[in-house]
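Please read the following account with the sequence and the coordinates side by side, since each paragraph takes up one part of the fold and then hands over to the next.

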Amino acid sequence: TNLLEEIKTMVETHETMKGAYFWRPPSSARQRRQMELERSKRLEFVFEDRHYLLEQETSCSCKNVYYSLSVHVEGQKQDVRTLHKLVRRATK
């Protein structure tokens, strides 16, 4: 269940951050680094004999906020829909 919660949190963060390029970054460097730490995550696990690698990265410059999500299943690049399906399968 802890893994499931982590995945759900990643999906929620993705939904929040997907338009981040249009955001204004925090004004202080400390706040920018804090935002990067809170909204970046790497998760690697095996579920139903398949290897998953999920990476969320948030970075802030003085003028922009950048966000990306990388989902790999068995080394193949996927998108966020894979996470939605994974949550549905895990909660059955």
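**From the third helix to the sheet and back**

What covers the buried residues of helix 3 includes helix 1, strand 1, strand 2, strand 3 and strand 4, the last of these spanning residues 76–78. This is a predicted model, and the description that follows should be read with that in mind. The residues of helix 3 that are buried are Val80, Thr82, Leu83, Leu86 and Val87. Viewed down the axis of helix 3, these buried residues fall within an arc of 145°, so they line one face of the helix. An α-helix has 3.6 residues a turn, so residues that are three or four places apart point the same way. On the other side of helix 3, the exposed residues are Arg81 and Arg88.

The strands named above can be followed in order along the chain. Strand 1, residues 41–47, pairs with strand 2, residues 50–60, in the antiparallel sense, and seven bridges connect them. Within this pairing arginine 42 stands opposite glutamate 55 of strand 2, while phenylalanine 47 has arginine 50 in strand 2 as its bridge partner. The hairpin formed by strand 1 and strand 2 has two residues between the strands, and in this hairpin glutamate 48 takes a positive phi near 50°. Strand 2 also runs antiparallel to strand 3, residues 65–73, to which nine bridges join it. Here serine 59 stands opposite tyrosine 66 of strand 3, and the hairpin that joins strand 2 to strand 3 does so through four residues.

Helix 2, residues 29–38, has Arg32, Met35 and Glu36 as its buried residues. Seen down the axis of helix 2, those buried residues fall within an arc of 100°, so they line one face of the helix. They pack against strand 2 and strand 3, whereas the face of helix 2 turned away from its buried side carries the exposed residues Arg30, Leu37 and Glu38.

Which residues touch the most other members of the largest nonpolar core? In this core of 21 residues, they are Ile7, Leu43, Phe45, Leu54, Val65, Leu69 and Leu83. At least two residues of the core are supplied by each of helix 1 (2–17), strand 1, strand 2, strand 3 and helix 3 (80–90). Leucine 54 shows how these elements meet, for when its neighbours within four places in sequence are left aside, leucine 54 is in contact with Ile7, Met10, Lys41, Arg42, Leu43, Phe45, Ser70, Val71 and Leu83.

A search of the whole structure for aromatic pairs finds one. Its members are phenylalanine 45 and tyrosine 52, whose rings have their centres 5.1 Å apart and their planes at 5°, so the pair is stacked. Phenylalanine 45 counts as buried at 8% relative accessibility, and tyrosine 52 is likewise buried, with a relative accessible area of 1%.

Two further buried positions carry polar side chains and deserve a separate look. Serine 70, which has its place in strand 3, is buried with a relative accessible area of 15%. Apart from residues up to four places away in sequence, serine 70 touches Leu53, Leu54, Glu55 and Lys77. Its side chain is joined to that of histidine 72 by a polar contact of 3.2 Å. The C-alpha atoms of serine 70 and arginine 42 are separated by 9.4 Å, although these two residues are 28 residues apart along the chain.

Is histidine 14, in helix 1, buried or exposed? Histidine 14 is buried, because its relative accessible area is 13% and buried means under 20%. Leaving aside neighbours within four places in sequence, histidine 14 is in contact with Gln56, Tyr67, Leu69 and Val80. Among these partners, Leu69 is one of the core residues that touch the most other members, and Val80 is one of the buried residues of helix 3, which brings the path back to the helix where it began.

Note on methods: Residues numbered from 1 in each chain as written. Predicted model: local features only at pLDDT ≥ 70, side-chain atom pairs only at ≥ 80, totals over all residues. Heavy atoms only, no water. Pairing = 2+ DSSP bridges. Buried < 20%, exposed > 50% of the residue type's maximum accessible area, 1.4 Å probe, protein only. Arc of directions from axis to C-beta. Contact = heavy atoms within 4.5 Å. Polar contact = N/O pair within 3.5 Å; in protein donor to acceptor, adjacent residues only side chain to side chain. Core = buried A, V, L, I, M, F, W, Y, C linked by side-chain atoms within 4.5 Å. Phe/Tyr/Trp six-rings, centres within 6.5 Å; stacked < 30°, edge-to-face > 60°.
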